[in-house]
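Hi everyone, thanks for making the time this morning. I'd like to walk you through one model, so please pull it up on your screens.

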Amino acid sequence: MMQLSPPCNNKTMKIAKTITELKTCLEEIGKDKTIGFVPTMGYLHDGHLSLINEAQSHNDVTVVSIFVNPTQFAPGEDLDAYPRDFDQDSLLAEAAGTDLLFFPDPGDIYPAGASTFVEVEGESTRKLCGQSRPTHFKGVTTVVNILFNLIQPTRAYFGQKDAQQVVVIKKMIRDLHLPVQLVVCPIVREADGLALSSRNVFLNPEQRNQALVLSQSLTAAKALYRAGEGRVKILKDQIISHISNMPLAVIDYVDILDFKTLADIENITSPALVAVAVRFGSTRLIDNIILD
Ligand code: AMP
């Protein structure tokens with residue numbers, strides 16, 4: 001693994017807190033190295049670390065960003081409450097093999113008066129999370145573009161946990177001819193099936209227990225599909241009734257869509273994305289599975 005010298009800092013992993021520091025670090029890295037980039041909002045867990053590990057093993061240099069992006073939160077969402085622990089994150093990121101950690105301020109990413117956005121239009125952003133969070137993906141694609149511009153990665157690593165985000169970013173990369181290769185990594189789960197998420201920390205023990213219904217309902221749907229049921233309505237109804245058994249669960253959506261385009265389907269004849277979003281109190285969890 002390459003060593004960078006100051007002004008970044010003295011540790012093996014460099015930390016850049018401003019765009020100027022980031023540029024200095026990237027100049028030291030040089031243009032001839034492959035860069036694997038892992039964008040995150042921090043409060044790192046094993047899901048994030050799996051992305052860092054993957055980036056680390058396929059690139060000369062691994063860059064991780066921690067940025068709780070204000071533009072992807074609507075007013076009233078959990079921007080302020082979103083969990084943050086930079087000291088712990090930097091230890092975890094370094095132990096996972098990160099070479100450069102970028103931890104900018106919102107004012108650096110969005111200079112005063114910034115009013116330029118990147119928006120993917122159409123089905124991919126309207127469905128699923130786009131229904132209850134209509135401005136969310138515009139914020140995601142804008143910040144991912146800004147980060148790609150600043151870091152110019154060879155490969156960017158995203159989790160299948162945010163399946164719709166993957167579809168939207170793939171489309172953006174394709175539509176804008178962005179010179180980056182997107183790598184999708186599998187969902188990392190707790191031993192009991194709950195998909196790891198920074199927001200899991202908000203669940204009380206009873207909510208945490210009932211939240212298992214997300215992965216369990218998806219697994220049950222997969223079993224039904226494997227048994228020969230390909231009708232979307234039947235599969236969806238089974239998931240909804242499974243989740244509805246949990247008194248604390250409030251369904252945001254349950255949907256089964258074409259995996260590549262997120263178009264509606266009636267029967268599964270090609271890979272399909274089964275996606276759920278469920279609220280427990282003020283915590284909204286998402287999970288998904290691919291039926292292939
Ligand atoms: P976040 O910090 O939640 O914005 O996530 C940063 C990246 O980590 C995204 O690409 C997520 O899809 C990915 N990620 C989050 N949770 C998991 C998980 N449980 N398994 C795999 N990747 C994940």
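I'll start with the ligand, then go to a pocket, a cavity and a few single residues. Please keep in mind as we go that this is a predicted model.

So, the ligand. Which residues come nearest to the ligand? There are 17 residues around it, and the nearest are His 48, Gly 159, Asp 162, Val 188 and Leu 196. Two of those names come back when we look at polar atoms. In His 48, a polar side-chain atom sits 2.8 Å from an oxygen atom of the ligand. For Asp 162, an N or O atom of the side chain is 2.6 Å from a ligand oxygen. Met 41 joins in through its backbone instead, with a polar backbone atom 2.9 Å from an oxygen of the ligand. And how much of the ligand does the protein cover? On its own the ligand has 490 Å² of accessible area, and the protein covers 93% of that.

If you like to think in secondary structure, colour three elements. Strand S2, residues 35-40, helix H2, residues 46-58, and strand S5, residues 155-159, each bring at least two residues to the shell around the ligand. H2 gives the most, with three residues. By class, the shell has nine nonpolar residues, six polar ones and two charged ones.

While we're in this area, have a look at Tyr 43. You'll find Tyr 43 in the loop between S2 and H2. Its phi is near 55°, which is a positive value in a residue other than glycine. Is Tyr 43 buried, exposed or partly exposed? Its relative accessibility is 28%, so Tyr 43 counts as partly exposed, in between the 20% and 50% cut-offs.

There's a second residue with that kind of backbone angle, and it's His 177. Phi of His 177 is also near 55°, again positive in a residue other than glycine. His 177 belongs to the loop between helix H8, residues 163-175, and strand S6, residues 181-185. His 177 is exposed, because its relative accessible area is 68% and exposed means over 50%.

Next, the second largest pocket. It holds about 300 Å³ of space. Of its 13 lining residues, Leu 26, Gly 30, Lys 31, Ile 151 and Gln 152 are the closest to its centre. Helix H1, residues 19-29, and helix H7, residues 136-151, are the elements that give two or more residues to this lining. H1 contributes the most, with four residues. The lining splits into five nonpolar, four polar and four charged residues.

Now for the closed space inside. How many cavities of 30 Å³ or more are there? The count is one, and the volume of this largest cavity is about 50 Å³. Its lining includes Lys 161, Leu 194, Asn 200 and Asp 287. Strand S9, residues 283-291, provides the largest share of that lining, with three residues. In classes, that's five nonpolar, two polar and two charged residues.

One last stop, Asp 255, in strand S7, residues 249-258. Why does Asp 255 count as buried? Its relative accessibility is 15%, and buried means under 20%. The Asp 255 side chain has a partner too: a polar contact of 3.2 Å joins it to the side chain of Lys 236.

That's my tour, thanks for listening!

Key: Residues are numbered from 1 along each chain as its sequence is written. This is a predicted model: local features need pLDDT of at least 70, side-chain atom pairs count only at pLDDT 80 or more; totals for chains, interfaces and linings use all residues. Side-chain values use heavy atoms; hydrogens and water are left out. A residue is near a molecule or strand if one of its heavy atoms lies within 4 Å of it. A polar contact is a pair of N or O atoms within 3.5 Å; within protein, one must be able to donate a hydrogen and the other to accept it, and residues adjacent in sequence count only if both atoms are side-chain atoms. Accessible areas come from the Shrake-Rupley method with a 1.4 Å probe; for residues, only the protein chains shown count as cover. Ala, Val, Leu, Ile, Met, Phe, Trp, Tyr, Cys and Pro count as nonpolar, Asp, Glu, Lys and Arg as charged, and the others, Gly among them, as polar. On a 1 Å grid over the protein atoms alone, a cavity is a set of points where a 1.4 Å probe fits but cannot get out, and a pocket is an open set with protein on both sides within 12 Å along at least five of seven lines; lining residues have an atom within 4 Å of a point. Grid points are joined across faces, edges and corners, and a volume is the space filled by probe spheres set on the points. Buried means under 20% relative accessible area, exposed over 50%, partly exposed in between (1.4 Å probe, protein chains only).
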